[in-house]
2 protein chains.
Amino acid sequence: MGERTNILQKNIHQSITANRKDGIHLLKRLVQIASTQGKEADAQRIILETLFDMGLDVDLWEPNGEELQASPYFASSRYDFSGSPNVVGVLKGTGGGRSIILNGHIDVVPAGDRNQWEEDPFSGIVKNGKMYGRGVTDMKGGNVSMLVALKTLQTLNIRLKGDVIFESVIEEESGGSGTLAAILRGYQADAALIPEPTNMKIFPKQQGSMWFRIHVKGRSAHGGTRYEGVSAIDKSLIVIKHIKELEDQRNKRITDPLYAKIPIPIPINIGKIEGGEWPSSVPDFVILEGRMGVSPDEQMEDARLEIETWIEGLGEVEPWFNVHPASIEWYGGRWLPGSIDSDHELLSLLSENYRFVLNEEAIIEASPWGTDGGLLTQVGNIPSIVFGPGVTDQAHFPNEYIELDRVFEAAEIIVLTLIDWCGVEY
Amino acid sequence: MGERTNILQKNIHQSITANRKDGIHLLKRLVQIASTQGKEADAQRIILETLFDMGLDVDLWEPNGEELQASPYFASSRYDFSGSPNVVGVLKGTGGGRSIILNGHIDVVPAGDRNQWEEDPFSGIVKNGKMYGRGVTDMKGGNVSMLVALKTLQTLNIRLKGDVIFESVIEEESGGSGTLAAILRGYQADAALIPEPTNMKIFPKQQGSMWFRIHVKGRSAHGGTRYEGVSAIDKSLIVIKHIKELEDQRNKRITDPLYAKIPIPIPINIGKIEGGEWPSSVPDFVILEGRMGVSPDEQMEDARLEIETWIEGLGEVEPWFNVHPASIEWYGGRWLPGSIDSDHELLSLLSENYRFVLNEEAIIEASPWGTDGGLLTQVGNIPSIVFGPGVTDQAHFPNEYIELDRVFEAAEIIVLTLIDWCGVEY
């Protein structure tokens, strides 16, 4: 650091400021495309052109569903990725430096109920320094931070020693098949950075999660003689209470100081309940659907086994379950936990550059949700950090926005970190 | 009773036995018509022809939706009854006797999941003395008992003093609009008998019931930070427990000896639960649907007010409800309770004839469900008794059946009771 970085940072800051208008224009164009699952192609085309214009090596391909299915980490609602390409751009280093993957997803969740939006969800309208639209915070804003960072390196003719691999992936919102496909295609690096919406916090650990469905049985009867039946709703209350106890036990085990301020580090959330068919019948089934948080320090398989065994133990709480066991199945979303060593150099470099640019200490926490960082860490063996300009509690919500200043602050921190991590050829 | 009845009963028994084949044939024809809501016409046509062939005055009409809607007792999912006629046949008495309504519904509930039926639900197949099919027990078997009773009177040339009004009504399974229409058309009598499936028990009192829907609110959040939200599922557990306490209180007040053997005389059944939309979101709503039993000795309005006030009191149990009150609405089914005085002569005549025909004491209980007897009692002011040959726990179930012997035993008891109640012109 010191003198060199002061001058360099001034140049970088000036260059980013000079290119701010272009960055906002790019973000707006991306937000105006509703790149929901299956409809990512038009947005990827813009990414491709941007990378091409910067002179990067580009690679665009449609992930191979058959190949993906063969992986135990595959989790998607579809097998055919026609029309849903991944895009990768490689900024080749001069050699001898450490490489890095900059990973961002191009897919966005659906806009949901349009009536809850004040403006068209794909307007990209700017008001009071905020841009609005589905996906602007999660995570097209973060993607633009990375692209602005790369552009700045090119503008200032800064030549890195290590490779920078920029990945614009599909399917993060639906199980991570885009990043999985990039790993299977052979993209490797010494570390990875993912600018998901962290409110500019740095997440060296990300919670994993998986969805489950629990079936609870009852015995039907007419509501007027409900004592002749067994209510699956009543029994499901026991199941819910039982799961709360497991959540309690699991969270008591968490000692990582990164979780110190988090009330429930790895929650088990019951998100959906459905049972019975008729008001005047005793309900003979209930289905519970939920999300189990998985600690960065545990294996998915261990977490799965723990709750499965716990559900088997319901018979000790209530004899009904000995004869009519509740069953648990795994379906839908699954996000691997991710983590990087607390003394990893990328973490300290990122924190230092944060302080350097923003004159305050970075907040370092464990994230309460999973990202593609889990796949990069566990499948790709690439230590990953999540840090981005988006507003955490705006993700997936109506009137999603991002504060544009954060996009360019993040870009500045990223450029400096790339220089420190990959090294510079003078 | 005594000598006269012994000879008479022998003749009646012989006549019923001689006509057994015809009765079974009639029941089979009725069962083979899937007379679900809106599709009652073909079955009513058979009833019409049967009444006509016996020489009764017949009245067939489609209930007037507009007129019905004007009644506070109207409860149906439809307003148009085109193609869904009621049929009434009147066996005029010679004068000076007490009149009686014999009321049975022709509508049946849907067959449900065909895979759970061993035979076609509308086969009317007979195996080991049982006829199978949707509606055979609830309550076409009971209707045939009444028709066999009337036929027997005709065959034996027994001329009653009082009128017998046979009503074949629509819509019992959907709120009673058929019987309501018959009352509004002016059909009146000194008492009524309804052969719903009581397992040959005599029900001088019938529980009323009404359906409710309770809305419980929560506050959404990401499942990974579930502590930032408020789970409507968790809150609904409190609501369910609260309702159980009300059920307890209400049942402690029941002292009627007819309920002595019934564990919960007037249950409040939660039949359906639905809440949340996404496994990894904190659910912000739950909807509970249920059925509230109403005692024969209370007014519907009082029961309604009691639970409404009780739900308002949730804030004392859990402060959340003060700010986000749970709300209750009334929808769908509503069945008025019905009752007849315990010293009513129809009750004693029916019990005596039961003993006379079957050589055992009749079981007299309060029914755990409502019938059209509630409308006849409360709107028509016609004291009503429910007694019939069907198998209570087969109603609405797959592989519904009736034991054919019961159909003819009930017919015999009904003939003798009509003779005693209406009087005979010799």
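# Two copies, one shared surface

M200(A) sits in the loop that runs between strand 8 (192-194) and strand 9 (202-206) of chain A. This residue has a positive phi of about 65° although it is not a glycine. Keep in mind that you're looking at a predicted model. Beyond that loop, the main story here is how chain A and chain B fit together: 40 residues of chain A are in contact with 40 residues of chain B.

**How the two copies are arranged**

- Two copies of a chain are related by a rotation about an axis and a shift along it.
- Here, a turn of 179° and a shift of 0.2 Å along the axis lay chain A on chain B, with an RMSD of 0.2 Å.
- The two copies are therefore related as by a two-fold rotation axis.
- Want to find that axis on your screen? In chain A, the C-alpha nearest to it belongs to E274(A), at 2.3 Å.
- Do the copies meet through the same surface or through different ones? They use the same surface, because 100% of the interface residues of chain A are also interface residues in chain B.

**How much area gets buried**

- The size of an interface is often given as the accessible area lost when the parts come together.
- For this pair, chain A and chain B bury about 3,500 Å² between them, and 66% of that is on carbon and sulfur atoms.
- Which three residues of chain A supply more of its buried area than any other three? They are R226(A), Y227(A) and P279(A), which supply 20% of the area that chain A buries against chain B.

**What holds hands across the interface**

- Between chain A and chain B the count is 4 salt bridges.
- Here's a salt bridge to look up: the side chains of D234(A) and K244(B) meet at 2.8 Å, N to O.
- There are also 10 residue pairs in polar contact between the two chains, counting pairs with both residues at pLDDT 80 or more.
- On the side of chain A that touches chain B, helix 7 (232-252), strand 11 (268-275) and strand 12 (285-294) each supply at least two residues.
- Which element of chain A gives the most to that side? Strand 11 does, with 8 residues.
- Sorted by class, the side of chain A that touches chain B has 19 nonpolar, 12 polar and 9 charged residues.

**What the record adds**

- An unreviewed UniProt entry annotates residues 206-312 of chain A as "domain: Peptidase M20 dimerisation".
- Over residues 206-312, chain A is 32% helix and 27% strand.
- The end C-alpha atoms of that stretch are 29 Å apart.

**Salt bridges beyond the interface**

- Over all chains, the count comes to 52 salt bridges.
- Within chain A, the side chains of R20(A) and D405(A) meet in a salt bridge at 3.0 Å, N to O.
- This pair links distant parts of the chain, since R20(A) is in helix 2 (residues 20-31) and D405(A) is in helix 13 (residues 404-422), 385 residues apart.

**Backbone oddities worth a look**

- Which two residues of chain A does a cis peptide bond join? They are D138(A) and M139(A), and omega is about -5°.
- M139(A) is part of helix 5 (residues 136-155) of chain A.
- Chain B has a cis peptide bond between D138(B) and M139(B), with omega about -5°.
- M139(B) lies in helix 5 (residues 136-155) of chain B.

Definitions and conventions
Residues are numbered from 1 along each chain as its sequence is written. Chains are lettered from A and ligands numbered from 1 in the order in which they are written. This is a predicted model: local features need pLDDT of at least 70, side-chain atom pairs count only at pLDDT 80 or more; totals for chains, interfaces and linings use all residues. Side-chain values use heavy atoms; hydrogens and water are left out. Copies are superposed by least squares on the C-alpha atoms of residues with pLDDT of at least 70 in both. Contact means heavy atoms within 4.5 Å. UniProt positions are given in the numbering used here, feature names are shortened, and annotations may be inferred rather than shown by experiment. Helices (H or I, at least four residues) and strands (E, at least two) are DSSP runs, numbered from the N terminus. Buried area is the accessible area (1.4 Å probe) that two parts lose on being put together, summed over both. A polar contact is a pair of N or O atoms within 3.5 Å; within protein, one must be able to donate a hydrogen and the other to accept it, and residues adjacent in sequence count only if both atoms are side-chain atoms. Ala, Val, Leu, Ile, Met, Phe, Trp, Tyr, Cys and Pro count as nonpolar, Asp, Glu, Lys and Arg as charged, and the others, Gly among them, as polar.
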